[in-house]
Structures are given as structure tokens and as C-alpha cells.
Amino acid sequence: MTDSSKPPLAVFDLDNTLADTAHRQHFLEARPRKWGAFFAAAPQDPPLAEGLALVAESARACEVVYLTGRPERYRRDTLEWLAAQGLPEGRVYMRSNADRRPARFTKLEVLRRLARDREVRMLVDDDELVCDDAERAGFTVVRARWATKSAALEEAQEREGRT
């Protein structure tokens, strides 16, 4: 049962939804992948104007929540990046450091938990598999198609459970 006395939630992914990861994709194309360098470069991500505008618009009627596949050990960098962009404060859900499940599983698990007591107005994400599974589960989805797609990132999200 959802609590209608609280505003609904607008849930936003970070990488390639709010943050442009193009400058660090080359770390995922290397073999072996350079995960530490990939995440260490995240504080330099330029913001994606379309995503930031949607957060600002959503914050008028919703509580904003951030849901990322980034490992928990990068929380500080992530919070600093969000603040530097002037984004609304909100809870940030991150993958545990040891969790290697595909993002579509970890994110759907969090969405379902959030929906137990709050309306989830929408999920905004660039990962097509996350979006597909969220829609099948009954969530309203906005597909973030404003960033350049990366085959290396898509493979990492689905096969390696790293972001």
C-alpha cells in the first residue's frame, strides 16, 4: 500500500542519463577492462542537459531518487558530482561492492522495494534491458536516449554487473 500523503518518486539513473560517460568509455574497451580508472574518471563527467532538465522538471511534483549501478565505494564521488551539478538532494541507491548481477536485476529489486510504500511516478534510464524489465513490471519508464551508446558499457551492464 502506497503512502499518498508523500509525493511520488522520480527515479533517475546516472551514467549516460545524467552524466556523459563518453570520455571514459575507452577504459571498458581495454582487455582486461580498467574498472578502477573508469570509475575514477566519473567526477569529470560532463552533465547531460536533457537529463538535468528532466530532473528539474520532475522535482516540482516528485521526490527525486538516484538509482545507479555504480559500486558503493564510489558514493562520495557520486554525491559530490550530483551537488556540483546543482541537482536536488535525494536518496542515492548504489550497487554493493560485491554485487555483480546485471543492472536490470539490481535496479528492478530497488524499484520494487521503493514501490511498496510510495508511488514510483517514473524511472529514467538509458539501459534498454533495465527499461524493458521495469516496463514489464508495471513501472512507467522514460528511456534516456540522449547520450551516445557504447557497446562496451552495454556489455558491462549486462554481462559483468559492474555499472
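**Exercise 1. The surroundings of Phe12**

Task: find which residues Phe12 is in contact with, leaving aside its neighbours within four places in sequence.

Solution. Phe12 is in contact with Leu18, Gly51, Leu54, Val55, Ser58, Val64, Val65, Tyr66, Leu67, Met122 and Val124, once neighbours within four places in sequence are set aside. Keep in mind as you work that this is a predicted model. Next, place Phe12 in its wider setting: together with Leu18, Val55, Tyr66, Leu82 and Leu87, Phe12 touches the most other members of the largest nonpolar core, which has 26 residues. Then look at the elements behind that core: β1, α1, α2 (35-40), α3 (49-58), β2 (63-71), α4 (75-84), β3 (92-95) and β4 (120-125) each give two or more residues to it. Finally, note that another core of 17 residues lies apart from this one, with Val11, Val65, Val120 and Val130 among its members.

**Exercise 2. A serine in a helix**

Task: decide whether Ser58 is buried or exposed.

Solution. Start with its place, which is helix α3. The relative accessibility of Ser58 is 5%, and the cut-off for buried is under 20%. Ser58 therefore counts as buried. To see what surrounds Ser58, list its contacts beyond four places in sequence: Ala10, Phe12 and Met122.

**Exercise 3. A loop residue**

Task: work out where Ala22 sits and how accessible Ala22 is.

Solution. Ala22 belongs to the loop between β1 (9-12) and α1 (26-29). Its relative accessible area is 45%, while buried needs under 20% and exposed over 50%. Ala22 is therefore partly exposed. For a sense of distance, take Lys6: the C-alpha atoms of Ala22 and Lys6 are 37 Å apart in space, with the two positions 16 residues apart in sequence numbering.

**Exercise 4. The whole chain**

Task: describe the pattern of elements along the protein chain and judge how compact the chain is.

Solution. Count the elements to begin with: the chain has seven helices and five strands. Read along the sequence, they follow β-α-α-α-β-α-β-α-β-α-β-α. The radius of gyration is 15 Å, close to the 15 Å that the globule rule gives for 163 residues, so the chain is as compact as a globular protein of that length. Along the principal axes, the C-alpha atoms fill a box of roughly 50 × 30 × 25 Å. Turning to the interior, 50% of the 163 residues count as buried. As a last step, take the contacts with a separation of 6 or more: 72% of them are between residues 24 or more positions apart.

Methods: Residues numbered from 1 in each chain as written. Predicted model: local features only at pLDDT ≥ 70, side-chain atom pairs only at ≥ 80, totals over all residues. Heavy atoms only, no water. Helix = DSSP H or I, 4+ residues; strand = E, 2+ residues; numbered from the N terminus. Buried < 20%, exposed > 50% of the residue type's maximum accessible area, 1.4 Å probe, protein only. Rg over C-alpha atoms; globule rule 2.2 N^0.38 Å. Contact = heavy atoms within 4.5 Å. Core = buried A, V, L, I, M, F, W, Y, C linked by side-chain atoms within 4.5 Å.
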